[in-house]
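Reader: I have a structure open and would like to go through it with you. Could we begin with the surface and then move on from there?
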Amino acid sequence: MSVASTAAYAARRAAQRERVRILYRKALKDTLNWAVHRHLFYEDADNLRARFEVNRGVEDPDTIDRLIADGEAQYNKWRHPDPYIVPWAPGGSKFTRNPTPPEGIEIVYNYGREDND
């Protein structure tokens, strides 16, 4: 192997590791959407981890790409239709509940402590 092909191989493997990490994190967070109680989540999380660990020793880059594509397709197929969103995060029920006031309206934060000059 030449230096260029070794560098390309290392870059491809690094990209694959990143895609696997992202897929695992997304799937783990989505598992929390399906589990109502923590003890159910822990079981599902262990099962998910076991499914990833089965393919940990695969070395062929083409096989890894296929496994990642299959995993992403399966994730998209079984993704929760109504995921939990933290209320104050974008898309949450409290996000922008108190929007900024329109232009020209002044908010007095020191109400009751104004100078009476």
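Reader: What does the accessible surface of the protein chain come to, and what share of it belongs to carbon and sulfur atoms?
Author: In this predicted model, the protein chain has an accessible surface of about 9800 Å², and carbon and sulfur atoms account for 56% of that area.
Reader: And what percentage of the residues is buried?
Author: Of the 117 residues in the protein chain, 16% are buried.
Reader: How does the radius of gyration of the protein chain go with a compact globule of 117 residues?
Author: For a compact globule of 117 residues one would expect a radius of gyration near 13 Å, whereas the protein chain has 24 Å. If you draw a box along the principal axes, the C-alpha atoms fill roughly 85 × 45 × 20 Å.
Reader: Okay, which helices and strands does the protein chain have, and in what pattern?
Author: There are three helices and zero strands in the protein chain, and reading along the sequence gives the pattern α-α-α.
Reader: What part of the contacts with a separation of 6 or more comes from residues 24 or more positions apart?
Author: Such pairs, with 24 or more positions between them in the sequence, make up 58% of the contacts in the protein chain that have a separation of 6 or more.
Reader: Can you give me an example, say Glu72: where is it found, and which residues is it in contact with?
Author: Glu72 sits in helix H3, and once its neighbours within four places in sequence are left aside, it is in contact with Arg19 and Leu23. Leu23 is 49 residues away from Glu72 in sequence, yet their C-alpha atoms are 6.8 Å apart in space.
Reader: Why does Glu72 count as partly exposed?
Author: Glu72 is called partly exposed because its relative accessible area is 28%, and that class lies between the cut-offs of 20% for buried and 50% for exposed.
Reader: Now Thr31, is it buried or exposed?
Author: Thr31, which belongs to helix H1, residues 3-34, is buried, because its relative accessible area is 12%, and buried means under 20%. Beyond its neighbours within four places in sequence, Thr31 is in contact with Phe41, Asp44, Ala45 and Leu48.
Reader: Where does His80 lie, and which residues does it touch?
Author: His80 lies in the segment after H3, and it touches Asp30, Asn33 and Trp34 when residues up to four places away in sequence are not counted. With 18% relative accessibility, His80 counts as buried.
Reader: What about Gly92, which residues is it in contact with?
Author: Gly92 is found in the segment after helix H3, which covers 61-78, and, leaving aside neighbours within four places in sequence, Gly92 is in contact with Ile85, Val86 and Pro87. Gly92 is buried, with a relative accessible area of 14%.
Reader: How many Å separate the C-alpha atoms of Gly92 and Glu53?
Author: Those two C-alpha atoms, of Gly92 and Glu53, are separated by 34 Å, while the residues are 39 apart along the chain.
Reader: Switching topic, which feature does UniProt place at residues 19-74?
Author: An unreviewed UniProt entry places the feature "domain: Complex 1 LYR protein" at residues 19-74. In the model that span is 82% helix and 0% strand, and its end C-alpha atoms lie 14 Å apart.
Reader: Last one: how many positive and negative charges are there, and how far apart are their mean positions?
Author: The protein chain has 18 positive and 18 negative charges, and the mean positions of the two sets are 7 Å apart.

Key: Residues are numbered from 1 along each chain as its sequence is written. This is a predicted model: local features need pLDDT of at least 70, side-chain atom pairs count only at pLDDT 80 or more; totals for chains, interfaces and linings use all residues. Side-chain values use heavy atoms; hydrogens and water are left out. Helices (H or I, at least four residues) and strands (E, at least two) are DSSP runs, numbered from the N terminus. The radius of gyration is taken over C-alpha atoms; the globule rule is 2.2 Å times the number of residues to the power 0.38. Buried means under 20% relative accessible area, exposed over 50%, partly exposed in between (1.4 Å probe, protein chains only). Contact means heavy atoms within 4.5 Å. Accessible areas come from the Shrake-Rupley method with a 1.4 Å probe; for residues, only the protein chains shown count as cover. Lys and Arg count as positive and Asp and Glu as negative; His and the chain ends are not counted. The place of a charge is taken as NZ of Lys, CZ of Arg, CG of Asp or CD of Glu. UniProt positions are given in the numbering used here, feature names are shortened, and annotations may be inferred rather than shown by experiment.
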